[in-house]
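Please study the sequence and the model shown below. The exercises that follow are each accompanied by a worked solution.

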Amino acid sequence: MKTNELKLIAEKNRKRLVEVVYQAKAGHIGGDLSCLNVMTALYFHVMNIDHSSLNINHSSDIPTKVQWSNRDRFVLSKGHCVEALYVTLEAKGFLKPEILDTLGQFGSILSGHPTIEVPGIEVNSGALGHGLSIGIGMALAAKMDQKAYHTYVLMGDGEQGEGSIYEAAMAANRYHLDNLVAIIDRNHLQISGNTEDVMPLDSIRERWTAFGWDVVEMNGDSMEDIVKTFDAIDYQNGKPHLLISYTTKGYGVSFMEGIAKWHHGVLNAEQCEAAVKEIEERINGLLTNKE
């Protein structure tokens with residue numbers, strides 16, 4: 001898919017995200033916005049995945065079983081940013097709008113973290129530090145079963161303080177999982193402040209290279225750089241892949257960008273209106289250029 005098409009999808013997803021988080025009166029909107037471009041690129045450009053591979057329960061129109069064994073897998077390890085995943089799944093056709101509109105309501109299948117009740121979600125996640133280990137299991141299974149699918153794991157940078165991640169990193173190198181791609185959403189902010197004040201991470205590149213990973217840095221705010229980076233991955237080099245995605249917390253909503261309080265801030269009506277207006281201006285610009 002062309003970069004401008006991906007930008008347009010991302011902006012439409014961004015608008016939808018702001019609206020559903022406002023409506024639900026809950027969500028981790030800052031981290032949602034920082035990883036939304038990467039998630040859009042994964043689902044609409046990178047991953048070999050299709051909602052038509054699901055078995056539909058026609059009594060409820062909720063897919064209950066994934067049948068296509070060769071689909072690419074995605075694990076949202078930073079599960080608190082599930083709202084970004086929900087809007088992406090809706091845009092991809094996994095979720096109907098009326099289901100997403102139930103976010104935050106009693107009885108909804110949509111929780112504050114990913115669960116397998118939701119169409120298109122592979123695994124329950126959100127206990128930080130677990131997603132990479134799960135992804136390694138999926139990637140190792142593909143090797144053992146001689147399957148062609150790839151596994152993608154999106155982690156937060158605050159999550160890098162979890163020791164289980166580094167045990168997993170060693171295992172991925174041991175088993176030469178070149179069919180595994182881990183992404184760190186490097187927005188430098190976590191719930192308690194700047195990551196370098198809470199638990200310094202740098203140099204991430206040197207650390208993961210020492211673990212035997214193929215490490216690449218990219219601008220996660222730039223769709224052009226995201227696409228270029230994913231397209232350049234060598235899935236036959238014998239090494240697991242780590243993409244350090246440098247992003248901005250709250251990206252795409254000017255009054256949220258780079259501000260820690262929006263880790264799980266809730267918008268009021270005036271803020272929601274301002275954010276939507278800002279995003280709509282970019283959508284209109286992209287549509288005009290498309291014409």
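**Exercise 1: A helix and its surroundings**

The buried residues of α3 pack against α1, α2, β3 and α4 (97–100). The model is a predicted one, in which local features need pLDDT of at least 70 and side-chain atom pairs count only at pLDDT 80 or more, while totals for chains, interfaces and linings use all residues. Residues are numbered from 1 along each chain as its sequence is written, and side-chain values use heavy atoms, with hydrogens and water left out.

Task: State which residues of α3 are buried, and explain why the helix is described as largely enclosed.

Solution. Step 1: fix the terms. Helices (H or I, at least four residues) and strands (E, at least two) are DSSP runs, numbered from the N terminus. A residue is buried under 20% relative accessible area, exposed over 50%, and partly exposed in between (1.4 Å probe, protein chains only). Contact means heavy atoms within 4.5 Å.

Step 2: list the residues. The buried residues in α3 are Val 82, Glu 83, Ala 84, Leu 85, Tyr 86, Val 87, Thr 88, Leu 89 and Glu 90.

Step 3: draw the conclusion. Because nine of the eleven residues of α3 (residues 82–92) are buried, the helix is largely enclosed by the rest of the structure.

Step 4: look past the end of the helix. Gly 93 follows α3 and has a positive phi, near 105°.

**Exercise 2: The open sheet**

Task: Determine the strand order of the five-stranded open sheet, and explain why β3 and β8 each have one side without a neighbour in the sheet.

Solution. Step 1: read the order. The sheet runs β3-β4-β5-β9-β8, and its pairing is parallel; two strands pair if DSSP finds at least two bridges between them.

Step 2: find the edges. β3 (73–76) and β8 (214–219) stand there with a single partner strand each, so one side of each has no neighbour in the sheet. On average, neighbouring strands of this sheet are turned by 20° against each other, direction ignored.

Step 3: examine one pair. β3 and β4 (residues 151–156) run parallel and are joined by four bridges. Phe 74 has Tyr 152 of β4 as its bridge partner, and Val 75 stands opposite Val 153 in β4.

Step 4: follow the side chains. In a regular strand they alternate between the two faces of the sheet. In β3, Arg 73 and Val 75 point one way, Phe 74 and Leu 76 point the other way, and all are buried.

Step 5: add the helices. Axes are lines fitted to C-alpha atoms, for helices over the stretch in contact, and angles run from 0 to 180 degrees between N-to-C directions. Helix α5 (residues 131–145) lies across β3, β4 and β5 (180–186), at about 175° to β4. Helix α9 (residues 223–231) lies across β4, β5, β8 and β9 (241–246), at about 160° to β8.

**Exercise 3: The largest pocket**

Task: Describe the lining of the largest pocket by class, and decide whether Gln 190 is buried or exposed.

Solution. Step 1: give the volume. The largest pocket has a volume of about 240 Å³. Among the 18 residues lining this pocket, His 80, Leu 128, Gly 158, Gln 190 and His 263 are the closest to its centre.

Step 2: sort by class. The lining has four nonpolar, nine polar and five charged residues.

Step 3: place Gln 190. Gln 190 belongs to strand β6 (residues 189–190). Its relative accessibility is 15%, so Gln 190 counts as buried. Apart from neighbours within four places in sequence, Gln 190 is in contact with Gly 158, Thr 195, Val 198, Lys 249 and His 263.

**Exercise 4: Backbone features in loops**

Task: Where is Lys 25 found, and where is Gln 146 placed?

Solution. Step 1: Lys 25 is in the loop between α1 and α2. Its phi is near 60°, a positive value in a residue other than glycine. At 45% relative accessibility, Lys 25 counts as partly exposed.

Step 2: Gln 146 is in the loop between α5 and β4. Gln 146 is not a glycine, yet has a positive phi of about 55°. With a relative accessible area of 73%, Gln 146 is exposed.

Step 3: add a peptide bond. Asp 202 and Ser 203 are joined by a cis peptide bond with omega of about 5°. Ser 203 is in the loop between α7 (195–198) and α8 (204–210).

How values were computed: On a 1 Å grid over the protein atoms alone, a cavity is a set of points where a 1.4 Å probe fits but cannot get out, and a pocket is an open set with protein on both sides within 12 Å along at least five of seven lines; lining residues have an atom within 4 Å of a point. Grid points are joined across faces, edges and corners, and a volume is the space filled by probe spheres set on the points. Ala, Val, Leu, Ile, Met, Phe, Trp, Tyr, Cys and Pro count as nonpolar, Asp, Glu, Lys and Arg as charged, and the others, Gly among them, as polar.
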